[in-house]
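Thanks for coming, everyone. I'd like to walk you through one structure today, so please have a look at the screen.

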Amino acid sequence: RRPTRRRGGPDPTGALGQRTAIVSRGGRRPGRDGSDGRRWFDGGSGPDLCFQVGDALTLVDVTIVNPLAPTYVDAEALEPGRTLRCADARKDSAHAAMAQSRGMSFRPLALTVFGEPSPGSLKFLRDLSTYTVDPAGFMAHALSALGVAVQIGNAGIVQAALARWWDYGVR
């Protein structure tokens, strides 16, 4: 996909002000459209977003984790927040070196199914807020918007499951 260029005055969050940003979603995953799955990195599934603010090109990979999943719940009970920290580390190990070798930066954006951001995500959002006229307002809006987006996704999953159950005659 070609990047989408946005110009102009301040956006509603004040995130970019008069600066220019280029935002692009990553390519499709392998098999979804018959492509070979090549994205930002050779032959693998790469980051989900690429954007540019000023001269810096940043790749972002989004992941949603469930700290109550059977594979995580014990570790999460012993050390709250461990699931998110592990998600950040997993994404960093998968993409950061390749991004750096191509002159880009990489930032993971990990959230729980409840909308809680990881420490790396909070740092990333704080860094983005430095480009705004109202950093505190940006942070409040970004955290709220991300949490709502996750909940909308959760609702969509439930809606799809209910429709499927209905199709199979579960009433």
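Let's start with Val-60, which stands opposite Arg-107 in strand S5. Keep in mind as we go that this is a predicted model. The two strands here, S4 and S5, pair in the parallel sense, and eight bridges join them. S4 runs over residues 56-65, and S5 covers residues 105-112.

How covered is S5? Seven of its eight residues are buried, so the strand is mostly covered.

Take Pro-108, which sits in strand S5. With a relative accessibility of 7%, Pro-108 counts as buried, because the cut-off for buried is under 20%. What does Pro-108 touch, if we leave aside neighbours within four places in sequence? Its contacts are Asp-61, Asp-88, Lys-91, Asp-92, Gly-120 and Ser-121. There is also Asp-48: its C-alpha atom is 9.8 Å from that of Pro-108, and the two residues are 60 apart along the chain.

Across in strand S4 we have Thr-63. Buried or exposed, would you say, for Thr-63? Thr-63 is buried, with 12% relative accessible area. Again leaving aside neighbours within four places in sequence, Thr-63 is in contact with Ala-87, Arg-90 and Lys-91, and also with Leu-109, Ala-110 and Leu-111. You'll notice Lys-91 in that list, and Lys-91 was among the contacts of Pro-108 as well.

That brings me to charges. As a reminder, side chains of opposite charge can pair when their charged atoms come close. How many salt bridges does a search of the whole structure find? The search finds four, and I'll show you some of them.

Lys-91 makes a salt bridge with Asp-61, and their closest N and O atoms are 3.0 Å apart. This pair links distant parts of the chain, since Asp-61 belongs to strand S4 and Lys-91 to helix H2, residues 82-101, with their positions 30 residues apart. Both partners, Asp-61 and Lys-91, are buried.

Now back to Arg-107, the residue opposite Val-60. Arg-107 forms a salt bridge with Asp-127, with 2.7 Å between the closest N and O atoms. Here too distant parts of the chain are linked: Arg-107 is in strand S5 and Asp-127 in helix H3, 20 residues apart. Asp-127 is partly exposed, at 28% relative accessibility.

Asp-127 has a second partner, for its side chain also meets that of Lys-123 in a salt bridge, 3.3 Å from N to O. Lys-123 and Asp-127 are about one helical turn apart, because they are four residues apart in helix H3. Lys-123 is partly exposed too, at 45% relative accessibility. Put together, Arg-107, Lys-123 and Asp-127 are linked in a network of salt bridges.

Staying with H3, which spans residues 119-129: the buried residues there are Ser-121, Phe-124, Leu-125, Leu-128 and Ser-129. Seen down the axis of H3, these buried residues fall within an arc of 140 degrees, so they line one face of the helix. Ser-121, you may recall, is one of the contacts of Pro-108.

Last stop, the surface. Val-158, Leu-162, Trp-165, Tyr-168 and Val-170 make a nonpolar surface patch of about 550 Å². Where does Tyr-168 lie? Tyr-168 is in the segment after helix H4, which spans 135-167. Tyr-168 has a relative accessible area of 60%, so it counts as exposed, the cut-off being over 50%.

That's my tour, and I'm happy to take questions.

Conventions. Residues numbered from 1 in each chain as written. Predicted model: local features only at pLDDT ≥ 70, side-chain atom pairs only at ≥ 80, totals over all residues. Heavy atoms only, no water. Patch = residues over 30% accessible without salt bridge, like charges linked within 9 Å, V, L, I, M, F, W, Y side chains within 5 Å. Areas by Shrake-Rupley, 256 points an atom, 1.4 Å probe, with all protein chains shown as cover. Buried < 20%, exposed > 50% of the residue type's maximum accessible area, 1.4 Å probe, protein only. Contact = heavy atoms within 4.5 Å. Pairing = 2+ DSSP bridges. Arc of directions from axis to C-beta.
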